[in-house]
Amino acid sequence: MYSVLISFKDKYPEGTSWTNENRRYRSYTIASEYSYYEGGGCAAFAFELSDAAFGDLPRREHYNVYDVRVGDIIRMNNNTHSVIVLEVRSDGVVVAEGNYNSSVHWGRKITYAELQANLTYIWTRYKQ
C-alpha cells in the first residue's frame, strides 16, 4: 500500500501547486448504496491516491484514530482539510496532502492527540 501511495511523489513532488481548483469526481459504494462524491483541493488529492491504492473498493466512515491504517483518508479541522495516511507509527501518523499552503506536501507527522483534537471523520476502504 505504501509503495502505491509514495509512487505519486514522482508525479506530484513536494511543493507542486495544488489548490481548490484541482478536482476529483468519484462514485463510491457506501453502506451498500451507490453515491457520487466530488472533492476539491485537499480532498481531490487524497481521493486520487486512495483510488490508486484501493480501486473500486467501497469506503466506510469511522472515528477511532487508533484504528487508522495506511491509505485511510482523515478529514479534520472542522471538516476543512483532508490528508491521506502514508505511515502509522506508535505516536501518530505520517501523511501526504494537497492544498497545504496551496501545494502538495509529503511527510507531515500528526500525533494521535492532534488527530483526536481535530478529527471530523476517517474514511477507510479496508473491510471491518
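Reader: Why is strand β6 described as largely enclosed by the rest of the structure?

Author: Count its buried residues. Strand β6 covers residues 92–97, and 6 of the 6 are buried, so the rest of the structure largely encloses the strand. Buried means under 20% relative accessible area, exposed means over 50%, and partly exposed lies in between (1.4 Å probe, protein chains only). Glu 97 makes the point: its relative accessibility is 0%, so Glu 97 counts as buried.

Reader: What kind of model is this, and what limits apply to its local features?

Author: The model is predicted, so local features need pLDDT of at least 70 and side-chain atom pairs need 80 or more, while totals for chains, interfaces and linings use all residues. Numbering runs from 1 along each chain as its sequence is written, and side-chain values use heavy atoms, without hydrogens or water.

Reader: What is the mean pLDDT of the protein chain, and where is the pLDDT below 50?

Author: pLDDT is the predictor's confidence in each residue, on a scale from 0 to 100. The chain mean is 89, and 88% of the residues reach 70 or more. Residues 27–36 fall below 50. That stretch still has 20 contacts in the model beyond near neighbours in sequence. A contact means heavy atoms within 4.5 Å.

Reader: How many helices and strands are there, and what makes a run count as one?

Author: The chain has 4 helices and 8 strands. Both are DSSP runs, numbered from the N terminus: a helix is H or I over at least four residues, a strand is E over at least two. From the N terminus, the order is α-α-β-β-α-β-β-β-β-β-α-β.

Reader: How do you know that β5 and β6 pair?

Author: Count bridges. Two strands pair if DSSP finds at least two bridges between them. Strand β5 (residues 81–89) and β6 have 5, in the antiparallel sense. Val 85 stands opposite Val 95 in β6. The two strands form a hairpin, with 2 residues between them.

Reader: How many bridges join β6 to β7, and which residue of β7 is opposite Val 95?

Author: Strand β7 (residues 105–111) pairs with β6 over 6 bridges, again antiparallel. Arg 108 is the residue opposite Val 95. On the other flank of the question, β4 (residues 73–76) and β5 pair antiparallel over 4 bridges. There, Ile 74 has Val 83 as its bridge partner.

Reader: What makes β3 and β7 edge strands?

Author: Look at the strand order. The open sheet has 6 strands, β3-β8-β4-β5-β6-β7, with antiparallel pairing. β3 (60–62) and β7 each have a single partner strand, so one side of each is left without a neighbour in the sheet. On average, neighbouring strands are turned by 35 degrees against each other, direction ignored.

Reader: Which strands does helix α3 lie across, and what is its angle to β5?

Author: Helix α3 (residues 42–54) lies across β4, β5, β6, β7 and β8 (119–124). Its angle to β5 is about 45 degrees. Axes are lines fitted to C-alpha atoms, for helices over the stretch in contact, and angles run from 0 to 180 degrees between N-to-C directions.

Reader: Why is the pair Lys 11 and Glu 48 called a salt bridge?

Author: The rule asks for a side-chain nitrogen of Lys or Arg within 4 Å of a carboxyl oxygen of Asp or Glu. Here the closest N and O atoms are 3.1 Å apart, so the pair qualifies. Lys 11 sits in helix α2 (residues 8–11) and Glu 48 in helix α3, 37 residues apart. Glu 48 has a relative accessible area of 13%, so Glu 48 is buried.

Reader: What do the salt bridges of Asp 51 and Arg 108 tie together?

Author: Asp 51 meets Arg 125 at 2.8 Å, N to O. Asp 51 lies in helix α3 and Arg 125 in the segment after β8, so parts 74 residues apart in sequence are tied together. Both residues are buried. Arg 108 meets Glu 97, also at 2.8 Å, N to O. Arg 108 is in β7 and Glu 97 in β6, so this pair ties parts 11 residues apart. The structure holds 4 salt bridges.

Reader: Is Leu 57 buried, partly exposed or exposed, and where is Leu 57 found?

Author: Leu 57 is in the loop between α3 and β3. Its relative accessibility is 40%, so Leu 57 counts as partly exposed. Thr 124 is 67 residues away in sequence, yet the C-alpha atoms are 9.7 Å apart.
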